[in-house]
Amino acid sequence: MDIRTERLRIRPWRHDEAQRLLDIQSRVEVMRWLGDGEPVLMRDLDQAHTRIETYAARSVVPPLGAWAVEVLETGQVAGTVLLLTVPNAEAGEVEIGWHLHPDSWRHGYATEAAGAVLGHGFGYGLPEVLALTHLDNGPSQAVARRLGLRSRGVVDKWYAGPSALFAITAEEWRAARS
C-alpha cells in the first residue's frame with residue numbers, strides 16, 4: 001500500500017522508524033485513547049520493532065492494514081492510520097482508526113489520511129466502515145464527522161467498555177464525493 005494525498009503518504013512502517021513509533025506509543029496522551037482499560041505504553045525499541053512486524057502482518061490482505069502517515073514536506077511520520085476488522089467481529093465489521101504524535105495534532109493530517117484510507121477500503125468493495133472512539137474522545141469524534149461518518153450512538157460490544165459508534169457506507173461515501 002502506498003497512497004499519496006496532497007500532503008501525506010500512507011505506506012508501511014519501516015524498522016528505521018522504530019524510534020518514532022516508540023515516541024508516539026510511549027505517550028499517555030496518545031495511548032489513553034487506544035484499547036481497553038488503562039493505557040498500555042510502549043516501553044522500548046524491541047516493542048516498537050515487534051509492533052512494526054504486527055502492522056506488516058495485518059496489512060497482508062487488502063484493503064486491511066495499519067500504515068505509517070508520512071508528511072511529504074518533512075519526511076517525518078506523523079502517526080498511524082488503520083483499517084482493521086473490529087475485535088470479536090460478528091459479521092466482518094471493519095473499523096478505521098488513527099493515532100498521531102502530539103506534534104502532528106491540529107494540522108488536519110488524521111482527516112486527510114483517514115479519508116484516503118476510506119477511499120482505499122471502499123475501492124476494494126467494503127460496504128461499510130465504522131469508527132469506534134472512547135466516549136470522551138471529542139477530537140477523534142470530530143475527525144469521524146468531518147469524514148462523513150454519522151453517529152450511531154453508544155455500543156457496548158467489540159471492546160470491554162462502551163464506545164461511541166460512527167459509520168459510513170460506501171454509497172454515502174461516494175454520494176458525498178460526487
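**Close-up 1. R106, an exposed residue in a loop.** R106 has a relative accessible area of 75%, so it counts as exposed. This is a predicted model, as are all the views that follow. Look for R106 in the loop that links β5 to α4, the helix of residues 109-123. Its backbone deserves a glance too: phi sits near 65°, a positive value in a residue that isn't glycine.

**Close-up 2. N88, with another positive phi.** Here the loop runs between β4 (77-85) and β5 (94-100), and N88 is found in it. N88 isn't a glycine, yet its phi is positive, at about 60°. Is N88 buried or exposed? With 65% relative accessibility against a cut-off of over 50%, N88 counts as exposed.

**Close-up 3. Helix α1 packing on helix α3.** Helix α1 covers residues 18-25 and helix α3 covers residues 45-58; their axes are 8 Å apart and the packing angle is about 100°. That angle makes α1 roughly perpendicular to α3. On the α1 side, the contact is made by A18, Q19, L21, L22 and Q25, which meet L45, A48, H49, R51, I52 and Y55 of α3. Sorted by class, the residues of this contact come out as 7 nonpolar, 3 polar and 1 charged.

**Close-up 4. What covers α1.** Stay with α1 and look at its surroundings: 6 of its 8 residues are buried, so the helix is mostly covered. Which residues of α1 are buried? They are A18, R20, L21, L22, I24 and Q25. The cover over these buried residues includes α2, α3, β4 and β5.

**Close-up 5. R11, a buried arginine in strand β2.** R11 belongs to β2, the strand of residues 8-11. Its relative accessibility is just 2%, and R11 therefore counts as buried. What does the side chain of R11 make a polar contact with? The partner is the side chain of E17, at 2.4 Å. Setting aside neighbours within four places in sequence, R11 is in contact with M1, D2, E17, W67, A68, E70 and V77.

**Close-up 6. H120 and its contacts.** H120 is part of helix α4. Its relative accessible area is 15%, so H120 is buried. Not counting residues up to four places away in sequence, H120 touches M1, I3, P63 and W67. M1 and W67 are also among the contacts of R11. P63, for its part, sits in the loop between α3 and β3 (65-71). The peptide bond leading into P63 from P62 is cis, with omega near 5°, which is worth keeping in mind when you check the backbone torsions here.

**Close-up 7. Helices α4 and α6 crossing.** The axes of α4 and helix α6 (residues 170-177) come within 10 Å of each other, with a crossing angle of roughly 120°. How are α4 and α6 oriented to each other? That angle lies outside the 65 to 115 degree range for roughly perpendicular, and α4 and α6 are therefore oblique to each other. Their crossing is left-handed. From α4, the contact uses G115, L118, G119 and F122, while α6 brings A170, W173 and R174. In terms of class, that contact holds 4 nonpolar, 2 polar and 1 charged residues.

**Close-up 8. D36, with contacts far along the chain.** D36 lies in the loop between α2 (28-31) and α3. Its relative accessible area is 39%, so D36 counts as partly exposed. Which residues is D36 in contact with, leaving aside its neighbours within four places in sequence? The list is Y159, A160 and G161. P162 is 126 residues from D36 along the chain, with 9.7 Å between their C-alpha atoms.

**Close-up 9. L165, buried in strand β8.** The home of L165 is β8, the strand of residues 163-169. At 7% relative accessibility, L165 counts as buried. Beyond neighbours within four places in sequence, the residues in contact with L165 are L130, A131, L132, R150, S151, R152, G153, V155 and W158. As for V154, it is 11 residues from L165 along the chain, and the two C-alpha atoms are separated by 5.8 Å.

Note on methods. Residues are numbered from 1 along each chain as its sequence is written. This is a predicted model: local features need pLDDT of at least 70, side-chain atom pairs count only at pLDDT 80 or more; totals for chains, interfaces and linings use all residues. Side-chain values use heavy atoms; hydrogens and water are left out. Helices (H or I, at least four residues) and strands (E, at least two) are DSSP runs, numbered from the N terminus. Buried means under 20% relative accessible area, exposed over 50%, partly exposed in between (1.4 Å probe, protein chains only). A polar contact is a pair of N or O atoms within 3.5 Å; within protein, one must be able to donate a hydrogen and the other to accept it, and residues adjacent in sequence count only if both atoms are side-chain atoms. Contact means heavy atoms within 4.5 Å. Axes are lines fitted to C-alpha atoms, for helices over the stretch in contact, and angles run from 0 to 180 degrees between N-to-C directions. Angles under 35 degrees count as roughly parallel, over 145 as roughly antiparallel, 65 to 115 as roughly perpendicular and the rest as oblique. Ala, Val, Leu, Ile, Met, Phe, Trp, Tyr, Cys and Pro count as nonpolar, Asp, Glu, Lys and Arg as charged, and the others, Gly among them, as polar. A crossing is left-handed if the near helix is turned anticlockwise from the far one by less than a right angle, and right-handed if clockwise.
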